Amino acid sequence: MEKKVEVPLGQNTLSISTGKIAKQASGSVVVRYGDTIVLVTVVGSEDERNMGFLPLTVEYQEKVYAAGRIPGNYFRREIGRPSEKETLTARMIDRPIRPLFPKGYQFETQVIATVLSMDQENDPDTLAMNGASAALCLSDIPFAGPIACVRVGRINGELIINPTISQMETCDLNVFVAGSENGVVMVEGGGSFIPEKEMLDAIYFGQEALQPILAAQKDLMAQAGVPKRAYTPPKTDPELVERVAGLCSVDLRAAMDIVPKLERADRVRDIKRGAKAALEEDFPGKSSEVSDAVSALLRKVLRGMVLNEGKRLGGRAFDGVREITSEVGVLPRTHGSALFTRGETQALGILTLGSTGDEQRVETLSGNEFRPFMLHYNFPPYSVRETKRLSGPSRRDIGHGGLSTRALKEVLPLKEEFDYTIRIVSEILESNGSSSMATICAGSLALMDGGVPIKSAVSGIAMGLMQEGDQVVILSDILGDEDHMGDMDFKVAGTTEGITSVQMDIKIQSLSREIMDSALEQARKGRLHILNEMLKALSSSRDSISEYAPKVYIIKINPDKIRDIIGPGGKVIRQIQADTNTRLDVDDSGTVKVSAVNQEDGEKAVKMIKEITADPEIGAIYEGKVTKVTDFGAFVAIMPGTEGLCHISQLAHEHVKKVQDVVREGDIIQVKVLEISRDGKIRLSRKALLEGPDNAGPDKQDDPRKRGPRPQ
């Protein structure tokens with residue numbers, strides 16, 4: 001029997017129902033907000049897999065039928081890799097629910113969220129997150145939920161919950177907030193130079209707004225929930241743990257004083273091998289348990305060093321930032337480039353400029369989108385001394401790219417001011433924590449090096465946390481080990497004016513406002529320090545774009561002349577592009593954009609367009625081709641698609657008996673425009689450009705006030 005709960009939320013009512021469809025899943029719910037509907041199912045395997053990690057997969061699917069459309073690809077069905085939006089949403093669902101499974105839980109679990117209906121106004125992503133929590137709570141899978149989420153927007157200074165898609169276009173703040181009864185568990189979003197206090201207010205505005213959703217999930221659990229399956233976390237042999245501690249504690253603590261990442265990793269690996277060899281006789285066949293015990297001890301040692309000794313890896317202060325070096329113009333033929341190095345993390349940012357035709361076209365449930373800015377993040381295995389098969393971008397690559405895109409998008413010039421398609425590629429060359437923030441720094445410098453007139457440089461920093469009871473330490477610019485063994489990864493990017501992008505994940509149950517407030521303020525100081533170091537390499541955008549970048553020319557023509565540029569079947573525009581090695585984009589308003597590899601080709605194409613679309617002027621002189629000869633004169637094409645009549649009386653000063661005695665069809669002659677009638681007829685003169693009798697000037701005999709009636 002169907003059970004349903006409803007919550008007034010923002011501008012609509014959120015409903016969560018279960019028991020009607022997908023009943024063979026471990027848990028399933030249908031979430032509705034407006035006319036947007038998402039089905040979320042969860043299935044937990046009955047067999048445990050010894051994988052050493054939680055085998056959780058989250059999938060989010062946007063079915064095009066939800067918006068009443070047929071897919072635009074050749075096969076006319078949803079196929080292939082998930083879209084960027086689907087990948088980013090799946091990651092957002094995964095991140096807050098993953099820490100809420102029991103420690104050591106290794107039963108394969110799959111969450112699938114499917115968009116069934118889309119009303120074009122309410123984004124399904126928050127529905128999918130709330131549905132994932134509800135489905136897990138209703139199932140027999142052990143899960144320390146519920147959690148809930150909302151989107152927070154701000155319009156004209158007013159915070160609103162779950163802004164519509166059309167409202168998001170006018171929001172200067174857009175943040176996805178997930179939380180529990182006790183605090184925030186995840187943040188994802190950004191804004192237009194938002195001060196830290198205002199960002200914090202927005203986050204906790206969302207935290208308060210999601211509380212009724214938590215209560216509704218609990219109500220639904222009381223109505224339709226099933227008992228949780230029995231699960232006993234794996235127990236480690238206490239004697240083995242004690243022996244490992246006796247063997248390795250001192251050596252592991254000493255290893256934490258080794259600054260270079262690879263040397264420290266090698267030393268830890270040697271300690272682990274030594275422990276396995278030393279304990280093989282007493283604990284035969286338990287090599288993996290020994291390895292796990294050493295890893296657990298390493299975490300305890302590192303956290304104890306930070307919390308009890310007041311020391312961190314590398315010897316920095318808790319709010320210290322690693323040494324930074326920046327270089328620009330490192331690649332000679334790209335349109336802009338920058339090498340940003342912070343400690344043992346290094347990113348190479350490369351800028352490429354293109355024309356309007358290079359924009360990315362993306363098919364979404366809301367229709368086709370055209371994106372003039374792209375940022376692609378690449379994390380090759382050599383950056384962390386690994387060997388791995390190269391394939392397409394991973395979910396992590398897409399996630400870091402999305403975070404960096406938000407950070408830099410806010411500072412880009414308006415399309416009307418800089419009409420280029422912009423692509424940034426970040427190649428991570430070395431990594432020891434916070435490569436996404438290095439991407440933002442390198443990307444910002446590459447934009448400046450390429451002459452893109454950005455509003456301000458952008459920097460980013462990753463903050464960490466270690467908390468045991470009342471002991472709390474916030475770490476700036478965290479290393480990879482500090483991220484792996486810590487309790488928080490809080491990334492903040494922005495300019496001197498405020499925040500443009502944030503992302504926060506935690507490994508504990510929730511985060512208090514006080515800790516987040518302190519983390520944001522410490523992050524502000526850190527990212528401003530990083531920004532100052534960056535600006536030593538290049539203080540502002542260069543005055544002009546690279547000589548190797550395409551040149552874009554914008555011409556405004558009479559919309560009636562568009563057909564002349566296009567030509568029959570596109571013949572004319574194709575010919576212009578072929579002759580000048582350029583690309584032309586023409587819109588219905590009469591704006592013509594010419595993209596050229598170099599200035600010479602661009603100016604040649606512009607000249608051809610102007611010649612085709614120019615309107616004749618009275619008194620102007622043109623060189624034209626005689627297209628037709630009649631008894632009363634010759635028709636001359638003075639520009640493409642424009643002809644005028646040179647009457648027989650205007651061919652020469654002397655009397656002309658036959659037009660063919662002076663000009664013939666196909667001749668090229670110079671003529672002057674004498675008159676343009678209201679109906680567009682053009683009267684031309686060849687005689688006006690010829691020397692008259694008695695060496696009179698060329699225009700002497702052509703005063704229309706001294707002539708008789710115009711011949712008909």
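**Surface, backbone and side-chain pairing in the predicted model**

Ile21, Tyr65 and Leu116 together make up a nonpolar patch on the surface, and their combined accessible area is about 250 Å². The model described here is predicted. Within the patch, Tyr65 belongs to the loop that runs between β5 (56–62) and α1 (84–97). Tyr65 is classed as partly exposed because its relative accessibility is 46%.

A contrasting environment is provided by Ser426, a residue of strand β17 (residues 421–430). The relative accessibility of Ser426 is 1%, and the residue therefore counts as buried. The side chain of Ser426 is joined to that of Thr439 by a polar contact of 2.7 Å. When residues up to four places away in sequence are left aside, Ser426 touches Ala347, Leu348, His376, Tyr377, Asn378 and Thr439. Thr439 thus appears both among the residues touched by Ser426 and as the partner in the polar contact.

Several features of the backbone were then examined. The peptide bond leading from Gly145 to Pro146 is cis, and its omega angle is near 5°. Pro146 is placed in the loop between α2 (125–138) and β7 (148–155). With a relative accessible area of 9%, Pro146 is buried. Apart from residues up to four places away in sequence, the residues touched by Pro146 are Ser133, Cys137, Ser180, Leu214, Gln217 and Lys218. Pro146 and Arg396 are 250 residues apart along the chain, and a distance of 26 Å separates their C-alpha atoms.

Positive phi values occur in two asparagine residues, Asn162 and Asn581. For Asn162, phi is near 50°. This residue lies in the loop between β8 (158–161) and α3 (165–168), and a relative accessibility of 6% places Asn162 in the buried class. For Asn581, phi is near 55°. Asn581 is situated in the loop between α14 (571–580) and β23 (582–586). The relative accessibility of Asn581 is 48%, so this residue counts as partly exposed.

The structure holds 0 disulfides. Cys137, one of the residues touched by Pro146, takes part in no disulfide, and the nearest cysteine sulfur, that of Cys149, is 13 Å away. From the side of Cys149, the closest cysteine sulfur is likewise that of Cys137, and the separation of 13 Å is too far for a bond, given that a disulfide requires cysteine sulfur atoms within 2.5 Å. Both cysteines are buried: the relative accessibility is 3% for Cys137 and 1% for Cys149.

Side chains of opposite charge can pair when their charged atoms come close. In this model, the count of salt bridges comes to 46. One of them links Arg406 to Glu188, with an N to O distance of 2.6 Å. Because Arg406 lies in helix α9 (residues 395–409) and Glu188 in strand β10 (residues 184–194), this pair ties together parts that are 218 residues apart in sequence. Arg406 is partly exposed at a relative accessible area of 24%, whereas Glu188, at 9% relative accessibility, is buried.

Further salt bridges include the pair formed by the side chains of Arg253 and Asp257, at 3.0 Å from N to O. Arg253 has a relative accessible area of 17% and is buried, since the buried class covers values under 20%. Glu369 and Arg371 form another salt bridge, with an N to O distance of 3.3 Å. In this pair, Glu369 is partly exposed with a relative accessible area of 33%, and Arg371 is also partly exposed, with a value of 23%. Elsewhere, Arg95, Glu188, Arg406 and Asp505 are joined into one network by salt bridges that share partners.

Definitions and conventions:
Residues numbered from 1 in each chain as written. Predicted model: local features only at pLDDT ≥ 70, side-chain atom pairs only at ≥ 80, totals over all residues. Heavy atoms only, no water. Patch = residues over 30% accessible without salt bridge, like charges linked within 9 Å, V, L, I, M, F, W, Y side chains within 5 Å. Areas by Shrake-Rupley, 256 points an atom, 1.4 Å probe, with all protein chains shown as cover. Salt bridge = Lys/Arg side-chain N within 4 Å of Asp/Glu carboxyl O. Helix = DSSP H or I, 4+ residues; strand = E, 2+ residues; numbered from the N terminus. Buried < 20%, exposed > 50% of the residue type's maximum accessible area, 1.4 Å probe, protein only. Polar contact = N/O pair within 3.5 Å; in protein donor to acceptor, adjacent residues only side chain to side chain. Contact = heavy atoms within 4.5 Å.
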